[in-house]
Amino acid sequence: ITRPALGNQEYKVHDANTFRDYFGPRAGSQTGYWATDLGTWRVIVLNSNCTTVQGGCAEGSPQWNWLAQELAENPVRCTIALWHHPRWSNGIAGADARTADLVRLMADRGVDVGLSAHEADYERFRRLDGRGVPASAGIRTFVVGTGGQAVYQPEAGNAAWRSRQTSAGSEHFDGRHNGVLELELAPGSYQWRFHAVGAGPGGAAAVTDSGVSTCG
C-alpha cells in the first residue's frame, strides 16, 4: 500500500539501490519522480534530492518540465504531491529553497496538498502561494517526520537558519510527539487528522490536529 518518495538517507547507498530493492515496482521511476491515480485523486511523487537527480529541481530542469507537463495533462484533478525536503518548515533545518521552483509551479497550477518529511516534527501550513504568502488557491503543505525516531522541539540556539531567513508561519506545530497523519481523500474534498502518540489521557494517542478542505 506504500507509495514511497526518495529521501536523502536512501542515497547513502549507491543510487538508492536498497530502497529500490525493497519497494520493487512501488519505488516508481528510476528518476524518483512519477505519478499515479489513487481513487479520484492524482498522486505526484517528486525527487527533492536536487543535487543528485539529473538536472536538479530548478525551472527548466527535466523534473520541472515533467511536472509542468503532468499538471497540464491533469488540470482539474484533486492532486496530492509527495517529496522529502519541505519547502516551508519551522523545524531545526528550516525552509528548503531547493524545491522553490517545483513548489511555485504546483501552487500556480492548483495542486491541493503537499506532503514532506525530513524534519523530525509535525507541521501544517495554511494554503500558500509559491512565495509562501497565504492564498485561497494555494497549496497546503504538511511536514510529517514523526514516524519512528526521536522528534525535536527547536529550542533557542539550535535552529541556526533563523538568523539568516524567515519561514512561512504555520497553523500547527508539534515537535514533542511521534505520530501519524491520516488523510481521507474524497471526491472534491479531503480531511486530515494527526494522531499524536502520548498526547491523550494516560499517555494514549490522541488527535491533536484535524480539519477538512475542498480540492480540485
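Which residue in E6 is the bridge partner of Glu-123? The views below, all drawn from a predicted model, start with that spot and move on from there.

**View 1. Strands E5 and E6 side by side.**
The bridge partner of Glu-123 is Val-143, which sits in E6. Strand E5 covers residues 122–124 and runs antiparallel to E6, with three bridges joining the two. To find the E6 side of this view, look along residues 140–144.

**View 2. The seven-stranded sheet.**
Stepping back a little, we meet an open sheet of seven strands with mixed pairing. Reading across, the order is E1-E2-E3-E4-E6-E5-E7. Strand E1 (34–38) and strand E7 (172–174) stand at the edges; each has a single partner strand, so one side of each is left without a neighbour in the sheet. From one strand to the next, the twist averages 15°.

**View 3. Helix H2 against the sheet.**
Helix H2, made of residues 62–73, packs on the seven-stranded sheet and touches E1 and E2. Compare the direction of H2 with that of E2, and you will find an angle of about 180°.

**View 4. Helix H3 and its buried residues.**
Helix H3 spans residues 100–108, and its buried residues are Ala-100, Leu-102, Val-103, Leu-105, Met-106 and Ala-107. What do they pack against? The buried residues of H3 meet two neighbours, H2 and strand E3 (78–82). Follow the chain to just after H3 and you come to Gly-110, which takes a positive phi of about 90°.

**View 5. An aromatic pair between strands E2 and E9.**
Counting ring pairs throughout the model gives seven aromatic pairs. One of them joins Trp-41 and Tyr-190, which meet edge-to-face at 5.8 Å centre to centre, with 85° between the planes. This pair links distant parts of the chain: Trp-41 belongs to strand E2 (residues 41–45) and Tyr-190 to strand E9 (residues 189–196), 149 residues apart. Are these two residues buried or exposed? Both Trp-41 and Tyr-190 are buried.

**View 6. A second edge-to-face pair, and the cluster.**
Phe-142 and Trp-192 also form an aromatic pair that is edge-to-face, with 5.7 Å centre to centre and 65° between the planes. Here again distant parts of the chain are linked, with Phe-142 in strand E6 and Trp-192 in strand E9, 50 residues apart. Why does Phe-142 count as buried? Its relative accessibility is 0%, and the cut-off for buried is under 20%. Trp-192 counts as buried too, because its relative accessibility is 4%. Put the views together, and ring pairs link Trp-41, Phe-142, Tyr-190 and Trp-192 into a cluster.

**View 7. A charge over a ring.**
For a quick detour, find Arg-87 and Trp-88. Arg-87 lies over the face of Trp-88, at 4.0 Å from the ring centre.

**View 8. The three-stranded sheet.**
We finish at an open sheet of three strands, ordered E8-E9-E10 with antiparallel pairing. Strand E8 (179–186) and strand E10 (206–214) stand at the edges, and since each has a single partner strand, one side of each is left without a neighbour in the sheet. On average, neighbouring strands of this sheet are turned by 10° against each other, direction ignored. How many bridges join E9 to E10? There are eight, and the two strands run antiparallel. Within this pairing, Arg-193 stands opposite Ser-210 in E10.

Conventions
Residues are numbered from 1 along each chain as its sequence is written. This is a predicted model: local features need pLDDT of at least 70, side-chain atom pairs count only at pLDDT 80 or more; totals for chains, interfaces and linings use all residues. Side-chain values use heavy atoms; hydrogens and water are left out. Rings of Phe, Tyr and Trp (its six-membered ring) pair if their centres lie within 6.5 Å; planes under 30 degrees apart count as stacked, over 60 as edge-to-face and the rest as tilted. Helices (H or I, at least four residues) and strands (E, at least two) are DSSP runs, numbered from the N terminus. Buried means under 20% relative accessible area, exposed over 50%, partly exposed in between (1.4 Å probe, protein chains only). A charge sits over a ring if NZ of Lys or CZ of Arg is within 6 Å of the ring centre and within 35 degrees of the ring normal. Two strands pair if DSSP finds at least two bridges between them. Axes are lines fitted to C-alpha atoms, for helices over the stretch in contact, and angles run from 0 to 180 degrees between N-to-C directions. Contact means heavy atoms within 4.5 Å.
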